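Biologist: Can you put the model up? I have some questions about how the chains sit together.

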Amino acid sequence: MSPVEPWVVLAFSSAIFFIGLYGVMVRRNIIVILMSIELMLNAVNLTFILFSRQLNDLSGQMSVFFIITVAAAESAVGLGLVIAMFRTLRSVDTDEIQLLKG
Amino acid sequence: MIALNPYFFYFFAGLAIACALFVVLKKNPVASAFSLVVVFFSFAAIYAMLEAHLIAALQILVYAGAIMVLFIFVIMLLNQDGPSLDLNRSPLYARILGGAACLGIFASFLFAFKNATLITATGLFTPERIEAAGGNTQVISELMFSEYILPFELTSVLLLAAIVASVAVAKRKRMESEP
Amino acid sequence: MLAWIPLFPLLCFLVNCAWYAFGQAPRGKEKAGALIPGLIASFSIFASFLVSLVLFLKLQGLEPEQRIINQSLYNWFSVANLHVEMAFRLDALSAIFSVFITGVATLIHIYSIGYMSHDATPGKYFAYLNLFCFSMLMLILGASLPILFLGWEGVGLCSYLLIGYWYADTLKASAGKKAFVVNRIGDLGFLLGMFLIFYSFGSLDFEAVRSIVVGTAHGEGTIHGVGQGTITVICTLLFIGCMGKSAQIPLYVWLPDAMAGPTPVSALIHAATMVTSGIYLVSRLNFLYSLSPTAMSIVAITGAVTAFFAATIAIAQTDIKKVLAYSTVSQLGYMFLACGVGAYTAGVFHVITHAFFKALLFLGAGSVIHGMHDEQDILKMGGLKSKMPKTWLTFTVGLLAICGLPPFSGFFSKDEILWQAFSSPSGSVILWLLGAVTAVMTAFYMTRLYSLTFLGTPRFSENRPHTGAKVIPHQSHSFPHDGHGHGQSHESGGVHESPSLMIIPLQVLAVLSFAGGLIGIPHFSWLDHWLETVIPTHHAVSSGTAPAMEWVLMGVSIFGAAVGMIFALKLYSNLDLVSHLKTRFAPIHKLLENKWYVDEIFNFLFIRPIYQLSLALWKGFDVAVIDRLALSLGWMSERTGQTVRVIQTGSLHVYAIMTLLGLIMTVGYLMYGMA
């Protein structure tokens, strides 16, 4: 087969991104929403790596390095919030978070 | 030009897309979590194919090894490991609308990617020179502690803040004065 | 030097204000003393008097054509062609006015120290008096119409402040308001006249306008392009201002109500000074009035009718100050009658003598009120001759002066007016007749007042309950009462003579009322001579009048005055006859006592429609339209908030979808919007 064109990789990356976006919009379980966000971040990482390879510039890989780190921190804090929310609401359903309504 | 082996790439890409769909479509959160782990592994493989060896290793170590473990811990802690039917589905119209919107934008992105012209490579880090300098890890480490030292330090501060924040948010508050 | 005349009262006004604000008001009622502010005020006016006297004597030493002192302080404003300077002008007319005004004012200030000794806020009172004197002097000494108008408005303001001095009583406050509003109506006429003068002559300075008018030959159709009709309009408009300020028909209604103020205020403002500013204006602009026979006849007729009308009302009044108020209106009518027939000098003469004897009468009335512990109803007085002898003596002098018996001052001035009304080319027999009948009525009602107050037997109990509150007479209407508060330390019961601080000014004024006529003896008149530079005199006599008529008319007026006095004395020594006559002529008496119902007529014609209109505008427009408009803005923002609130569902998913929508729009615009 012919070598993989760059746009194929980009298309794959955006597919993962939009799958993650769909998950954020549709799922009601807060933990699954957080997982979908991780999917989106990974798609972006792939784009960075691809272009770093394309342009022979390592700053793409450096960005990925930091994105991974920040994503880790964000997951930690986010899951802490989920635990706090669970204590009050006794559920992880996002539809029950109504305090800011109106 | 990238020298990507098409067979390996399509295999891992297909696996990743399938497991990503499992993540968003499965009812059981544990199933979603494990699917996500497989997605991370596929991504690591693709990174390695794209000559980003350190990142591939870090992907497995941090994402699959630490973050997903944390996710599983929390799922178990909150007793969410059974399939939760009422937590699964949004109303039908939301799903249709959301799916349509995502597909639509994806289509436009596809169109844009296909018709874009790639810019010429301008950087200095050609694969030969990276090989000559001691490999991907070596070069990245050297870069990290010279050019990117400031973001590095700031990231460590960020991690410290995240530690403190998650402890403060998640800890069980002692019943003090009033209920 | 000239500027010091108004400057002294202004400075002492500021000093008294500071004294009142910082010294007296914090200390409260118990420690309020009238001596210090009173002395400050009196000294300032006395200083003005001395300066006026010095400048007057200086003017006397000059040649007649040069008897002018000008002083310009600074340029007040200049707009296009109009240049107004803060300038003062002392010529023959303003010199004589300023001398007698500051002199009488000094006496009244000294009197006030005694009269207001028990008042709660004398500092404020003397501050107002000083401000008034400053404004009056500005009026007199102004070199141009704007400066005169400055003083005109200032005296109106001070009149309001002083009439409503005891403002805690709503009746008194309303009296002050009435004075101000009615004055304002007159001021509209004044302003319009001023505008027209500027439009016609291009300047507002007295000397400039005079030289324009006088320099052009008479007898031609227009002067400087200004037609006869315009001059008539100017003179009438200015006279409307005089109607307001000098209480002529129909704008006299404020003067009787103004008796709500303290008696020295009535003496100063409403007898001697403010009300004479109208005559000053007309005399100052005599060159304009002489050009318009129509305007002059308006002035003369209004004056004569007012004199007659006010005298009829005075016959039936029972408040001592009201009688004097209507008497003032009547005498002012005389003065305008004089100006209207061209005898401006006679008008000025009567101003001066009237200042003396009317101030004397008012201050005497104040002394009576003070001695009777705030009683003002003459039906409750009587027999005060023995109890208040000094007041009685001075009041008698004033009475004889106003009735016009020789050799008192009032005789000379009133007689000159009547003679001029009869004989001047602009006069007529009818005007003289009105004036003569009014003179008889004046003698009658003044003697009636005198008799009921001082003669006969006392109609009050000796030990009157000393309340300090106002005693309402049984025939009162809206009765502004002069209630100067007596402190509880006063000895109760007995009617007593007033302290010498109050008696000495009375005595000085009595001397002046007696001897003041000497300046205007007919055919030897020093005053005529003196005022020639400002008021060119012409002793023209209309054809058909023999010069000997003058002596005949003099005899007629003396005879009439004597008849009036004797009739009143005889009638009021027999009080049963009086009440019998009152019941017999009850309808006429009622009409006169109720002032010909003028106030009620004005209320019906003018005040109630305006009130209804304002009520309708308030409810129909202000509340309905404007308030709704303003409130609707708030209502709109509230509704907008309620509507937009829907977006905040609190649901995570909705927010995510919103973000996606935003992303779509942005990407779409970036990708395709620029194409």
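Modeller: Interfaces come up below, then one helix and one chain.

Modeller: This is a predicted model, so local features need pLDDT of at least 70 and side-chain atom pairs count only at pLDDT 80 or more, while totals for chains, interfaces and linings use all residues. Residues are numbered from 1 along each chain as its sequence is written, chains are lettered from A and ligands numbered from 1 in the order in which they are written, and side-chain values use heavy atoms, with hydrogens and water left out.

Biologist: How many residues do chain A and chain B bring to their contact?

Modeller: Chain A brings 69 residues and chain B brings 89, where contact means heavy atoms within 4.5 Å. The two chains bury about 7400 Å² between them, with 78% of it on carbon and sulfur atoms. Buried area is the accessible area (1.4 Å probe) that two parts lose on being put together, summed over both.

Biologist: How many residue pairs are in polar contact there?

Modeller: The rule finds 9 residue pairs in polar contact across the interface of chain A and chain B, both residues at pLDDT 80 or more. A polar contact is a pair of N or O atoms within 3.5 Å; within protein, one must be able to donate a hydrogen and the other to accept it, and residues adjacent in sequence count only if both atoms are side-chain atoms.

Biologist: Which helix of chain A gives the most to that side?

Modeller: α3(A) does, with 23 residues. Helices are DSSP runs (H or I, at least four residues), numbered from the N terminus.

Biologist: And chain C against chain B, how many residues are in contact?

Modeller: 5 residues of chain C are in contact with 6 residues of chain B. The buried area is about 470 Å², and carbon and sulfur atoms give 87% of it. By class, the chain C side has 5 nonpolar, no polar and no charged residues. Nonpolar covers Ala, Val, Leu, Ile, Met, Phe, Trp, Tyr, Cys and Pro; charged covers Asp, Glu, Lys and Arg; the others, Gly among them, are polar.

Biologist: Switching topic: how many residues of α10 in chain C are buried?

Modeller: In α10(C), residues 263-272, 10 of the 10 residues are buried, meaning under 20% relative accessible area (1.4 Å probe, protein chains only). The buried residues pack against several helices of chain C, including α3 (92-115), α14 (320-340) and α15 (344-371).

Biologist: What about chain B, how many helices and strands?

Modeller: Chain B has 7 helices and 0 strands. Of its 179 residues, 37% count as buried.

How values were computed
Helices (H or I, at least four residues) and strands (E, at least two) are DSSP runs, numbered from the N terminus. Buried means under 20% relative accessible area, exposed over 50%, partly exposed in between (1.4 Å probe, protein chains only).
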